[in-house]
Structures are given as C-alpha cells and as structure tokens.
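Hello,

Here is the structure I said I would pass on. My notes on it follow below.

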Amino acid sequence: MDNDIILEFRNVTKKFPGVVALNDISFKIHRGEIHGICGENGAGKSTLMKILSGVYPHGTYEGSVIFNGEELKLGESAIQEAGNKGIAIVYQELTLVPTMSVGENVYLGREPLEHGSINWNRLYANTREILEKYGLDVQPHVIVKSLGVGKMQMVEIAKALSEKAQVLILDEPTSALSEAEIDKLMDILGILKSNGITCIYITHKLDELFRITDKITVMRDGKEITTKPTSELTQEKLVGYMVGREMKERFPKGNRKPTDIIFKVENLQAVDPNEASHKVLNGVNFDVRKGEILGIAGLMGAGRTELVMTLFGEYSKIVGGKILLNNKEIKPTNARQAIDAGLSLVPEDRKGMGLVLIQSILKNISLPNLDQFSGFFRIDKDAELKASMLQSKSLTIKAPSLEAAVETLSGGNQQKVVISKWLLSKPKVLIMDDPTRGIDVGAKYEIYKLMNDLAENGVAIIMISSDLEEVLGMSDRVMVMCSGHSTTTLPVAEATVERVMALATGMSLS
Ligand SMILES: Nc1ncnc2c1ncn2[C@@H]1O[C@H](COP(=O)(O)OP(=O)(O)OP(=O)(O)O)[C@@H](O)[C@H]1O
Ligand SMILES: [Mg+2]
C-alpha cells in the first residue's frame, strides 16, 4: 500500500434517474494535502463527496473508493460509519441546531456519559480543547443562533474534528463568509494541514483555490477532467478546464442607457421589531434610474440584507424616511405588497425565500408568474412551458427535464431557478441579493448578460454583492453601506477597490 495516498477514487459512477451525476471518476488524494475540487454547477462535486461521507452507501454507486489502502464499504448507518473512520464533512448548507450551545452541537448524539447521564463538564472541556487546538475562535457555552455564519462554520468544523477526522471535506465553505472570515478560515486550514489532516476543498472561488490548495481536480459533466498541482495551473488554464472553452472576459459589455429616476430611498430608518432600541437601518439614501444597475457594496453586517428586507416590508419596522417608486411613496408591510407595487427580489437565501423544493422546476419558475399564462378560465400550459424552457435554457439549468424536483438539483442550479423565476416576472425594479453566490463562472456570465438585457429594456436593477469585483464589473454606480447607513454613491469610473473598502470600513474619503 502506498502510504502517501489516503484516498483513491477508482472508476466511480453514480446514476440518478435521467442523470449520470458521476461518470467513471478516478483520481488520488495524498495524505496531508489540501486538495481543491472545482467545476461548473452540476459537475458532480457534491455527489462525489456524498459518496465519501456515506450519504450514498456502498452498493448505491459503481466503482470503488479506497481509504487508507482498503476499500470503503459503508453500510447501513453509513454517515456515522464514515465519521468513525475519520471522514468528516462540512456541508454546503450548515446543519447546526440553532437553539443549542456550541458544545452541545459539537457533541450532538455523541455526548460524553458518566453513570448514564451526560457529563457536561467533560463535554464543554473537550469542546474548548478542540476549539483552542485549531484556532477556532468561539466560546463553548454560547448559543449557536447568536453567532454569525462565520462562527457557525467554525462550530461545524469543530464538530467534524471532534470525531478525530483524518479527512475533512469542506463543500463551498465560504459562500456566506465575509472577507475577514474567509481569511480566518484559510488560517484554520493551515493549522489543520500542519496537524496532518487532509482537506478536500470545494469552491467556485478561484482565488481561494490558488491561495491554499496543493492540488486541484477539475470536474465537468460528471467526469474528472484533470488533477494537477496548483503550482502548474493559472486562473485562465483552470477556467478553460472548467468550462471546456476559453473565456476572455468575466463581465459582458452592456449597452445600458440609464434614464429617469424610478426608485428612491430617502433617509430610511428602521428598527428591529423585537427590540425598538436596536436600529438596523440608520439613514439610507439612494436612487436608481430606469435602465441602470446600481451596485450596493459593504461588509458583512453593514445592513445590506436588512435594507432589502425593509424594502420588502419584512422583518424590520420603518421608523423614519421614505420609499418612493415613480415619485409615489410606497409603504409595503409585506413582500406581496412590494411585489404588486413593482419590486422583485432575487433573495440571498434560496431555501428560505426562493423555492418550493419539492416542486418541479417548471412550477417554481412559473408559479409567481401565473397571471402571465392565464387565459379566462385556464392556464395556458404551452405558454407556461415555453417561457420556462427559454429561461432555463438561457441560464443552462442542468436537469433531466423541467419536471425534475428542485431539491434534486445541485446548489448552483437551484439558484438559477430562483433567478429565472424573477426574471420572468417582468419587474420594474429588480433587487438581487448576492445573485451569483455559489454559481459557476460560465453561468455567472449568463446571469450578467440577462441583467444587461433587462436593464437595456428599462428595468432598474439593484445588485447587492459581497464580490466587489462583480459590483465594479457590472454596476453603473456603486452605493457603499457601513454600519446601517449609506455612505457615498460613486459613479463606477471613480469606484476603485481601495475607495470602496475605505467607505465600507467607515474611513472618510480624502
Ligand atoms: N438526489 C438526486 N436526485 C437526482 N439527481 C441528482 C441528485 N443529486 C444530484 N443530482 C444531479 O447530479 C448532478 C450533480 O450534482 P452535484 O450536486 O453533485 O453538483 P455540484 O458539482 O456539487 O454542483 P454545484 O456547484 O451547483 O453545487 C446534477 O445534475 C444534479 O442535478
Ligand atoms: Mg454542490
């Protein structure tokens, strides 16, 4: 047995009805390395990891997985078995129990016992030990729901490590993290590596791959395209392998011609409905023109998502200021009213707000848009189908058919369904909250093209994004938020990364 190799995939094939998710995958992972996996949405990355972590046990796929020189044959309670063997996974979507403490979550279902009851002192002491050893900056007694996503993820990692993981799988761990939290995670991975833990790191963010991985495997359409040392790759080469063609530019050139102001927010103030002394918005001012893309930048916690929720009458309570659509004040108290007034939202949280997971793609796309397809007494099925087809084609949603349930799609393809649904609703003002999070480079480009199309047809677009390059690449103007208020709106030509970061961190511009 080659002791350097901790894991090997041999001719692994996994089929779902109508889809070959993995097609004869073979590659090796060396002990102690950080091994990146990337590829377009639906390439099969998460499915491969689910085989490794026991979600799909032995016998539900073809081929074999060799772990420490032996074939991995996970049976009945496969997930637990994988954990016991030392294979742990941090999922794309976090899985913690929000009402429990950090320690309780870390040892959930595996609580240390003494005379038949839980030994809490030991549980918290063990938790603290793990947290400290790996530089995870969280307190064991804190209740999970009071933590931000970055810290929640640290708890997930601690949970994985508490099972003495030899291999730690991170599936798109940074999609909801701020820059500072990402830096922290990169440090943690460094510590894991120096402790001899092998990491498999899945991401769509190329800069992260180049920052921390030793090797990268590129997947496309269920196949392994290449596995190479990171030092032999460049961003261009990698993108080429991912999309199977050369991509010259990240942002398509639009021909946008902004006209009149259609949407305006004046000195908007809002508080937490449960705690009136807590201001979530503290003076937000901006306007958007027809045919314009306004980017909203800011750090995590700057109030961007709170702004969106407030505009849609959800969550916070407005205590001052105005929202004007076509010069008329609107006061939406729920999302329906905002939508009826002409606002649409591509939400940040696709599971919570965007989709009915058990329904088909077709239903999800067409449901909010049924009035477009209704005749006098019936829904025009053909028109419904045609419009949805067009949409899913242009965004290249990868699925066996439009009848497929949304829950069977890969994470990125679910996001495309959300976007399709709102693009079809022909809004006047389209608000997109981190629209391309978790979406592969090729599909991002398609979304940007659609945004340009919409804007060229007079739709005003407000795009919130934590990807500053995207904000700068796609916006006409950039509004920067900091601590619940708007700072300055800059024409994109004057918005450099430095200036935006300075505004976002509360420095005044010189
Ligand atoms: N339970 C399932 N039933 C049917 N099809 C599935 C199921 N799970 C995954 N698939 C399909 O298998 C393919 C691979 O999906 P997978 O989630 O592995 O992609 P991915 O590379 O992780 O994509 P993303 O970057 O979007 O997360 C997709 O076409 C997906 O629709
Ligand atoms: Mg995935």
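Gly54 sits just after helix α1 and takes a positive phi of about 90 degrees. Helices here are DSSP runs of H or I with at least four residues, strands are E runs of at least two, and both are numbered from the N terminus.

Some housekeeping. This is a predicted model, in which local features need pLDDT of at least 70 and side-chain atom pairs count only at pLDDT 80 or more, while totals for chains, interfaces and linings use all residues. Residues are numbered from 1 along each chain as its sequence is written, chains are lettered from A and ligands numbered from 1 in the order in which they are written, and side-chain values use heavy atoms, with hydrogens and water left out.

**Helix α1**

Back to α1. Six of its eight residues are buried, so the helix is largely enclosed by the rest of the structure. Buried means under 20% relative accessible area, exposed means over 50%, and partly exposed is in between (1.4 Å probe, protein chains only). The buried residues of α1 are Lys45, Thr47, Leu48, Met49, Ile51 and Leu52.

**Ligand 1**

Helix α1 matters for the next topic too: it gives three residues to the shell around ligand 1, the largest share. There are 21 residues around the ligand, and Gly42, Lys45, Thr47, Ser410 and Gly412 come nearest. A residue counts as near if one of its heavy atoms lies within 4 Å. The shell divides into six nonpolar, 11 polar and four charged residues. In that count Ala, Val, Leu, Ile, Met, Phe, Trp, Tyr, Cys and Pro are nonpolar, Asp, Glu, Lys and Arg are charged, and the others, Gly among them, are polar.

Which residues make polar contacts with it? Here a polar contact is a pair of N or O atoms within 3.5 Å; within protein, one must be able to donate a hydrogen and the other to accept it, and residues adjacent in sequence count only if both atoms are side-chain atoms. The side chain of Asn41 has an N or O atom 2.9 Å from an oxygen atom of ligand 1. A polar backbone atom of Gly42 is 2.8 Å from a ligand oxygen. For Thr408, a backbone N or O atom lies 3.1 Å from an oxygen of ligand 1.

Taken alone, ligand 1 exposes 640 Å², and the protein buries 90% of that. These areas come from the Shrake-Rupley method with a 1.4 Å probe; for residues, only the protein chains shown count as cover. Three elements give two or more residues to the shell: β2 (19–30), α1 (45–52) and α15 (411–423). Domain 1 (5–243) and domain 3 (353–426) both contribute to the shell, so ligand 1 lies between them. The domain bounds come from an automatic or database domain assignment.

**Strand β3 and its partners**

How many of the six residues of β3 (residues 34–39) are buried? Six of the six, so the strand is largely enclosed by the rest of the structure. Ile34, Gly36 and Cys38 point one way, His35, Ile37 and Gly39 the other way. In a regular strand the side chains alternate between the two faces of the sheet.

β3 pairs in the parallel sense with β10 (residues 198–202) over four bridges. Two strands count as paired if DSSP finds at least two bridges between them. Gly36 stands opposite Tyr201 in β10. β3 also runs parallel to β11 (residues 215–220), with five bridges joining them. There, Ile37 stands opposite Thr217.

Ile202 is in β10 as well. Ile202 is buried, at a relative accessible area of 0%. Ile202 and Gly39 are 163 residues apart in sequence, but 8.9 Å apart in space, C-alpha to C-alpha.

**A four-strand sheet**

An open sheet has the order β14-β13-β16-β17, with antiparallel pairing. Its edge strands are β14 (275–289) and β17 (328–329), each pairing on one side only. β13 and β14 pair over nine bridges. They form a hairpin with two residues between them. Asp272 has Glu275 in β14 as its bridge partner. β16 (residues 317–325) and β17 pair over two bridges.

**Ser475**

One last residue. Ser475 is in the loop between α17 (468–474) and β21 (477–482). Its relative accessible area is 4%, so Ser475 is buried. Its side chain reaches the backbone nitrogen of Gly295 at 3.4 Å. A polar atom of the Ser475 side chain also lies 2.7 Å from the backbone oxygen of Val471.

Best wishes
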